[in-house]
Amino acid sequence: MPRIVVAGGGLIGLAAAMMLAKDGCEVTVLERDGDAVPGSPEDAWRDWDRRGIAQFRQAHFLHPAGRHILGSLLPEVPEAMRGAGATTFDLVALLPPFVEDRAPREGDERFVTITGRRPVIEYAFAGCAERRVDVRRGVTVTELVTGQPAAAGVPQVTGVRTSDGEHIACDLVIDAMGRRSELPRWLAAIGARPAAEEAEDSGFTYYTRYFRSPDGAPPAFITGMLTHFDSFSLLTLPGDAGTWSVTIYISSRDQALKELRRPDNWAALIAACPLHAHLAQAEAISEIIPMSGVVDRQRRMVVDGTPVATGILPVGDALCCTNPSLGRGMTMGLMHAAGTAEVVGKHLGDPVALAAEHDRMSQDRIMPWYRQTVQLDRARKAQIDASMAGSPAAPGTPPPGLDGGGTPGWTELQVAMLYDADVFRAFMEIISMLAMPEEIMARPGFAEHLAKSMAGREPFELPGPSRAGLLASLA
């Protein structure tokens with residue numbers, strides 16, 4: 001039986017471990033945070049200290065594509081999530097009020113997901129994983145162990161040494177250490193070439209607060225889940241057990257708006273957005289939770305056609321991570337875990353082929369989503385920078401959030417989806433991570449239907465404070 005060590009016991013490390021165990025591997029998960037899994041979902045939310053995950057209590061969302069992966073490969077996990085109080089959420093319920101054709105469509109079930117607060121989701125994952133694999137908490141990888149190379153000049157990882165001094169021999173190491181992966185240090189220590197890496201600060205600061213309904217009923221997400229104004233954005237996401245999150249995010253360079261970290265200023269801004277104000281008119285169950293310094297980063301373990309090392313594969317955020325404003329990280333990680341289990345099942349006996357096929361799979365399935373997310377980040381940053389500078393928008397410039405940074409048809413999709421039921425569903429396929437924009441635009445007849453739906457339509461700007469009004473209220 002092949003033996004695999006997974007470094008990192010977060011959502012994606014646990015998912016990868018369970019997928020590999022189902023394929024007949026003996027899997028050991030090493031998680032550096034030592035706290036045991038709490039006894040209940042509410043204990044997980046209130047008390048679980050996951051020091052290794054900076055975003056543990058920030059807003060999270062499992063997109064429908066992620067729900068499909070779990071339902072297909074790990075059906076016990078969605079069941080455990082439901083048992084923990086996770087919310088079943090149908091994105092078709094976000095159909096804009098301007099759409100006259102409100103009849104259901106065949107296949108609408110693809111837009112249904114199940115989601116919750118991150119600690120509650122991880123509680124469910126951990127409960128399933130600890131029944132299937134060996135999860136050791138409070139243990140971390142200190143260094144990689146190498147053996148006979150499978151290719152000349154390329155280190156072959158054959159095990160790990162842990163923080164308690166144990167040497168664990170294995171056929172493969174999975175790095176699921178997330179944003180704080182120590183992969184560069186590990187590679188340098190075994191004499192490997194560095195992985196190719198590109199990184200940039202996403203440039204956003206987040207202020208998140210959680211609320212709970214008095215009767216357990218979810219609120220109405222009138223404008224969808226992500227709304228852009230000229231110099232700030234609102235991200236509103238359903239949680240579990242009658243909870244939801246409201247996040248204001250701004251440019252990290254916008255010193256004036258950092259006053260939004262104060263509860264009175266934060267509440268005043270939400271109250272000034274008529275279609276969002278009701279979301280903060282409930283019991284607050286958290287303080288304002290800030291986060292900044294979030295990096296968009298991607299790594300590649302095959303450089304110039306040759307692996308930098310064999311016997312080790314980065315998965316999820318250890319390979320590529322994005323800012324949380326689109327909520328894609330969890331679903332991208334599950335996509336990557338599923339793809340990793342697939343290539344491991346086919347190529348574990350050939351370390352060089354495994355490295356090459358893992359790289360190919362990552363480039364084909366994950367990196368298009370990463371690149372599109374970064375495009376949208378850059379476009380949004382440019383819009384906020386222009387607002388901060390007081391620069392008037394050039395004629396024809398899309399309103400806040402509608403500039404896709406080169407994403408095909410993005411502006412047109414976001415306008416037409418307000419009025420056309422089929423364009424709305426096409427746009428939701430992208431939001432749900434079921435299809436890339438290029439796939440949607442390439443469908444026979446879709447571009448023509450989009451142009452017809454756009455005829456005579458103008459972008460609709462949601463009511464909310466201007467930058468001048470916001471600065472005046474903060475002053």
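Helix axes are lines fitted to C-alpha atoms over the stretch in contact, and the angle between two of them runs from 0 to 180 degrees between N-to-C directions. In this predicted model, the axes of helix 1 (residues 11-22) and helix 5 (residues 118-129) come within 10 Å and cross at roughly 25 degrees. Because angles under 35 degrees count as roughly parallel, helix 1 is described as roughly parallel to helix 5. The crossing of helix 1 and helix 5 is left-handed.

Which residues make this meeting possible to trace by eye? On the side of helix 1, Leu11, Leu14, Ala15 and Met18 take part, and they meet Arg118, Ile121, Glu122, Phe125, Ala126, Cys128 and Ala129 of helix 5. Sorted by class, the contact holds nine nonpolar, no polar and two charged residues.

Phe125 also appears in a wider setting. The largest nonpolar core has 62 residues, and Val27, Met81, Phe125 and Ile174 are those with the most contacts inside it. Helix 1 gives the most to this core, with 10 residues. Apart from neighbours within four places in sequence, Phe125 is in contact with Leu11, Leu14, Ala15 and Met18, and also with Leu70, Val77, Met81 and Leu334. A second, separate core of 49 residues includes Val99, Ile270, Leu418 and Ala421.

Now for a loop residue. Gly327 lies between strand 21 (320-321) and helix 8 (329-347). Since buried means under 20% relative accessible area, Gly327, at 15%, is buried. Beyond its neighbours within four places in sequence, Gly327 is in contact with Phe61 and His63. The C-alpha atoms of Gly327 and Leu237 are separated by 9.2 Å, although these residues are 90 residues apart along the chain.

Terms used. Residues are numbered from 1 along each chain as its sequence is written. This is a predicted model: local features need pLDDT of at least 70, side-chain atom pairs count only at pLDDT 80 or more; totals for chains, interfaces and linings use all residues. Side-chain values use heavy atoms; hydrogens and water are left out. Helices (H or I, at least four residues) and strands (E, at least two) are DSSP runs, numbered from the N terminus. Angles under 35 degrees count as roughly parallel, over 145 as roughly antiparallel, 65 to 115 as roughly perpendicular and the rest as oblique. A crossing is left-handed if the near helix is turned anticlockwise from the far one by less than a right angle, and right-handed if clockwise. Contact means heavy atoms within 4.5 Å. Ala, Val, Leu, Ile, Met, Phe, Trp, Tyr, Cys and Pro count as nonpolar, Asp, Glu, Lys and Arg as charged, and the others, Gly among them, as polar. A nonpolar core is a set of buried Ala, Val, Leu, Ile, Met, Phe, Trp, Tyr and Cys residues joined through side-chain atoms within 4.5 Å. Buried means under 20% relative accessible area, exposed over 50%, partly exposed in between (1.4 Å probe, protein chains only).
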